[in-house]
Amino acid sequence: MARKEALEVDRLTVTFAREGRAVVRNVSFTIAPGEAFGLVGESGSGKSLTCRAILRLMPRGASIAGRIMYGGRDLLGLSDGEMQALRGSSIAMVFQDPLTALNPVLRVGDSIAQVIQAHGGLGRRAARTRAVEMMERVGIRDAGRRAAAYPHEFSGGMRQRIHIAMALAARPTLLLADEPTTALDVVVQAEILRLLDDLRRQDGMSLLLVSHDFRVVAGLCDRVGVMYAGELVEVGATQTVLRRPEHPYTIGLMNSLPEAVLGERLRAIPGSPPDPGLLPPGCAFAPRCELARDSCTAAPIAMAEAVRGHWARCIRRDQLDEMRRGLVMVGAAGA
Amino acid sequence: MLLVAEHLTRTYVHRRGWLQGTGAPGARGPVRPALADASLSLERGEAIGVVGESGSGKSTLARCLALLERPDTGRVLLEGVDLTRLGRRELRRSRRRIQVVFQDPYSSLNPRLTVGSALGEVLSVHDLVPRDQIPRRVETLLDQVGLPARAVGRYPSDFSGGQRQRICIARALAANPEVLIADEPVSALDVSIQAQILNLLADLRVRLRLSMIFISHDLYVVRYIAPKIAVMFGGRIVEVLPPGVPLEQARHPYTEALLAARSRLEPGWLARTGQLNAELAAALPATGCPFRARCPHASGVCEEIDPPLRDLGGGHAVACHHVP
Amino acid sequence: MSVSTLAVASPRRLQWIMAGGWSLRVGLVGFALIAVLALLAPWITPYDPTTLGLAEGLQPPSAAHWFGTDQLGRDILTRVLHAARTDLQIGTIGVIIPLIIGAALGLFAGYYTGWPDAILGRIVDVVTAFPFLVLVLAIVAMLGPGLTNFYIAITLVSWVAYARIVRGEALSARGRGYILAARSLGYGDIRIMFRHLLPNVMVPAFVFGMSDFVLDILAGASLGFFGLGVQPPTPEWGVMIAEGRNFIITAPWVVIFPGLAIIVTAFFVSLIGDSASDIVRRVHGS
């Protein structure tokens with residue numbers, strides 16, 4: 001019933017007018033049907049707001065400009081009612097804290113069934129059956145009995161699975177996941193990511209995975225975008241971006257991980273992420289970049305295609321070999 | 001031997017309430033200790049890493065080592081003196097020698113104290129520097145952690161997370177400690193800032209010849225700071241990796257699981273990960289090896305006997321019945 | 001013991017006043033004005049507050065008597081200004097002493113928990129079982145009328161509110177990171193309680209104190225009904241209203257002006273209280 005559509009974000013800009021800050025600036029990317037796209041960035045990069053903008057879940061005072069095309073329609077042009085119909089049914093979202101979605105006074109089976117009933121027109125009994133099916137699908141054993149339990153009776157990883165079950169209950173074609181595994185233990189993280197990956201492939205669903213951790217995104221995303229200070233600074237296939245990053249910030253992020261510089265000293269990026277209200281024209285990363293020149297801050301830098309499908313917003317890319325040299329490249333060492 | 005922890009055990013007893021935690025509510029039966037028979041020894045100038053996830057007991061261990069909690073059984077010896085036996089006043093004075101940097105830089109600083117007051121207070125309470133020398137010493141401390149001198153008059157709310165953590169480190173250093181315990185000091189920070197703080201800690205360790213216990217859930221981060229690593233699970237130390245042994249040669253099934261399941265910079269690593277069993281049993285089994293519910297090698301003996309930590313040679317120790 | 005040798009970037013008090021915004025400034029200025037008027041009352045008032053029958057009683061406001069006269073022919077303006085001295089004193093002492101006692105006890109109970117908290121809890125339960133005024137009245141009735149006994153009664157009853165507030169805040173704040181850090185730094189309990197915990201838990205008690213200020217003045221008035229409060233002829237706003245209640249229709253000015261005095265004072269005091277949490281937020285972050 002639901003067609004599989006590409007998501008096209010076109011020059012998305014989010015501004016807080018009162019404070020005069022643009023926290024997302026001209027972000028453009030596409031997610032093909034069935035594709036997993038990762039958005040990586042630190043705090044203040046705008047990655048979460050970009051994700052929320054797709055569902056128009058914006059905090060007060062935020063104004064959005066640009067276009068977000070999905071299913072042949074510009075989501076930013078839809079009325080509140082039309083948007084409301086989309087949420088949960090075509091596009092669903094998973095948050096970092098599953099308790100955002102799980103009502104602590106409702107049994108989990110009821111929470112899931114509610115979603116189904118709200119969007120599917122199924123009766124109560126049918127919805128409950130489907131809720132149990134969903135719980136089984138996300139790997140909760142003894143689902144029939146556990147559906148009667150309350151959220152607090154589950155561990156963090158289990159709660160996240162239930163949250164995912166709720167998100168997928170109405171069979172969306174696009175799933176947005178904002179730091180879904182950040183609060184979880186190492187092995188549980190891997191399990192939840194594996195779950196998301198499996199479900200995506202089974203349903204042919206597109207996935208937008210937002211994380212501050214490059215490694216999380218590297219695991220299951222076909223393509224990745226790196227954000228800094230509200231802008232996309234690099235975009236491309238995960239393989240190519242990791243093998244040969246084309247932006248100093250991306251290299252800096254990778255250089256910050258002990259496993260990427262095995263035995264060597266971490267080459268930390270000096271300084272801190274900038275205040276979105278005090279950005280210079282041109283490259284926002286320039287103040288922290290060892291390759292920066294005057295031309296970097298003179299005027300806005302446009303995305304340039306390094307290799308087919310791999311874009312970077314940097315005019316000093318020809319100087320990056322030295323920076324890349326220290327990186328222990330993927331597959332070369334350490335499982 | 002500077003700091004020795006011997007057979008520390010700590011159990012948190014909840015009064016019987018309607019909320020029994022995860023798993024079957026209302027369950028009775030023995031409660032698994034948060035820390036069970038943990039022993040550690042730290043030489044002067046050495047750095048030891050402790051790796052564990054939530055519920056592993058690493059934070060309890062840190063608190064017992066820092067004397068913020070009294071272990072139920074076991075001893076903590078600082079240069080041979082049993083700290084668990086000390087009276088209140090001596091205990092307070094000994095605390096100065098073991099300092100902690102906590103995980104959350106946002107709540108670790110008193111919002112009402114300026115940076116200068118917070119640092120100066122340490123110096124004056126412990127009489128470390130003559131009164132008129134305090135401002136200069138504070139300046140030196142700020143410089144050591146890479147903060148400008150004018151930070152002195154500002155409140156913590158004026159600083160970013162990474163900067164606040166630097167203030168916390170400076171505060172710990174102000175006490176002139178012999179041991180620094182860092183409990184997940186970078187987990188709450190952005191990746192690029194994490195690297196800065198890790199470098200800072202590594203530098204300080206060398207420059208000030210600090211003995212350090214570094215705790216984290218990330219094996220590689222821990223190895224960056226500390227060559228010797230203790231891996232914890234279910235309240236026990238299940239493996240000790242000495243400096244020479246690479247992580248990939250870990251022998252305990254849990255450490256192997258950690259290595260296999262961790263996120264890494266390889267594209268598509270997730271698909272190459274094998275069977276993960278983390279959630280088969282969120283609650284720890286009450287008897288025997290704490291890891292047995294998730295262990296592919298578990299057998300009868302694992303159910304009954306909690307495996308002791310055995311030295312395999314060269315300082316590499318493992319607590320598992322199935323490792324020869 | 002303090003580290004005042006360290007320079008601060010900007011003088012702390014000034015920073016606070018700047019962060020308070022207009023409410024703080026208006027509140028402070030207004031209150032200061034009233035306080036000054038009260039202080040200077042003996043020198044600036046045209047008449048003596050206790051002189052009887054200066055004219056016929058119950059004269060409406062006129063050029064000679066700006067606020068009119070009361071039923072005994074006394075000038076109301078004079079009495080209102082003189083009463084300010086009494087009432088500001090009632091409000092101030094009636095807040096400060098219970099606040100100090102209650103906050104200290106609440107701090108101990110909240111920090112140590114265990115049996116200190118249990119004992120405090122029981123005492124608080126007993127005291128709050130009685131309506132505030134009933135208890136105050138009973139104590140004053142036992143001790144005898146007069147301002148001093150009034151203060152004793154207020155203190156014995158009001159401290160529980162502050163204790164409760166501070167205890168609650170202390171209970172939640174004691175688990176915060178910086179308290180744990182203070183312990184790990186080897187600081188003693190007293191230092192932790194008073195230097196680290198107290199500044200972070202005082203604000204709600206202070207805000208409550210602002211409204212308590214007015215409540216105390218009204219309590220004084222209630223006692224006046226029974227002749228147990230301030231003794232005549234000493235003027236006091238609440239008593240002036242109580243005594244003038246028979247003339248509300250015929251000579252409303254007898255009641256209006258003392259009433260306005262209470263309202264205006266309460267207004268400025270509440271402005272100060274309102275700005276307190278804003279100040280903390282702006283200077284120290286949330």
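Reader: Across which strands does helix 1 of chain B lie, and at about what angle does the helix run to strand 1?

Author: In this predicted model, helix 1 of chain B, residues 58-65, lies across strand 1, strand 2 and strand 4 (73-78) of that chain, and its direction makes an angle of about 125° with strand 1. The residue that closes this helix range, B:Leu65, is in contact with B:Ala5, B:Val76, B:Ile98, B:Ile181 and B:Ile213, leaving aside its neighbours within four places in sequence.

Reader: In what order do the strands of that open sheet in chain B stand, and which of them are at the edges?

Author: The sheet is open and has 4 strands in the order 2-1-4-5, with antiparallel pairing. Strand 2 (35-42) and strand 5 (81-82) of chain B each have a single partner strand, so each of these edge strands has one side without a neighbour in the sheet. Strand 1 (residues 3-10) of chain B pairs with strand 2 over 5 bridges in the antiparallel sense, and within that pairing B:Leu3 has B:Leu42 as its bridge partner.

Reader: How many residues lie between strand 9 and strand 10 of chain B in their hairpin?

Author: There are 2 residues between these strands, and B:Gly234 in the turn has a positive phi of about 55°. Strand 9 (residues 228-233) of chain B pairs with strand 10 of chain B over 5 bridges, in the antiparallel sense, and B:Met232 stands opposite B:Ile237 of strand 10. Strand 10 of chain B is also joined by 2 bridges to strand 12 (residues 317-318) of chain B, again antiparallel, where B:Val240 has B:Ala317 as its bridge partner.

Reader: Is strand 10 of chain B mostly covered or mostly uncovered?

Author: Strand 10 of chain B, residues 236-241, is mostly covered, with 6 of its 6 residues buried.

Reader: How should I read a nonpolar core, and which residues touch the most other members of the largest one?

Author: The general idea is that, in soluble globular proteins, nonpolar side chains tend to be buried together. Here the largest nonpolar core has 239 residues, and those that touch the most other members are A:Ile112, A:Ala165, A:Leu208, B:Leu65, B:Ile181, B:Ile213 and C:Tyr162. Helix 7 (residues 189-225) of chain C gives the largest share of this core, 9 residues. A second, separate core has 22 residues, including C:Ala84, C:Leu88, C:Ala242 and C:Ile262.

Reader: Which residues of helix 6 of chain C are buried, and against which elements do they pack?

Author: In helix 6 (residues 177-184) of chain C the buried residues are C:Tyr178, C:Ile179, C:Ala181, C:Ala182 and C:Ser184. They pack against helix 2 and strand 6 of chain B, together with helix 5 (147-173) and helix 7 of chain C. After this helix comes C:Gly186, whose phi is positive, near 85°.

Reader: How many residues of chain B are in contact with chain C, and how many of chain C take part?

Author: The contact joins 36 residues of chain B to 24 residues of chain C. On the side of chain B, helix 3 of chain B gives the largest share, 7 residues, and by class this side divides into 14 nonpolar, 12 polar and 10 charged residues.

Reader: Which helix of chain A gives the most to the side of chain A that touches chain B?

Author: This contact takes 45 residues from chain A and 38 residues from chain B. Helix 7 of chain A gives the most to the side of chain A, with 9 residues, and that side has 23 nonpolar, 12 polar and 10 charged residues.

Notes: Residues numbered from 1 in each chain as written. Chains lettered and ligands numbered in written order. Predicted model: local features only at pLDDT ≥ 70, side-chain atom pairs only at ≥ 80, totals over all residues. Core = buried A, V, L, I, M, F, W, Y, C linked by C-beta atoms within 7 Å. Buried ≥ 20, exposed ≤ 12 C-beta atoms within 10 Å, placed from the backbone. Contact = placed C-beta atoms within 7 Å. Nonpolar A, V, L, I, M, F, W, Y, C, P; charged D, E, K, R; others polar. Pairing = 2+ DSSP bridges. Axes fitted to C-alpha atoms, helices over the stretch in contact; angles between N-to-C directions.
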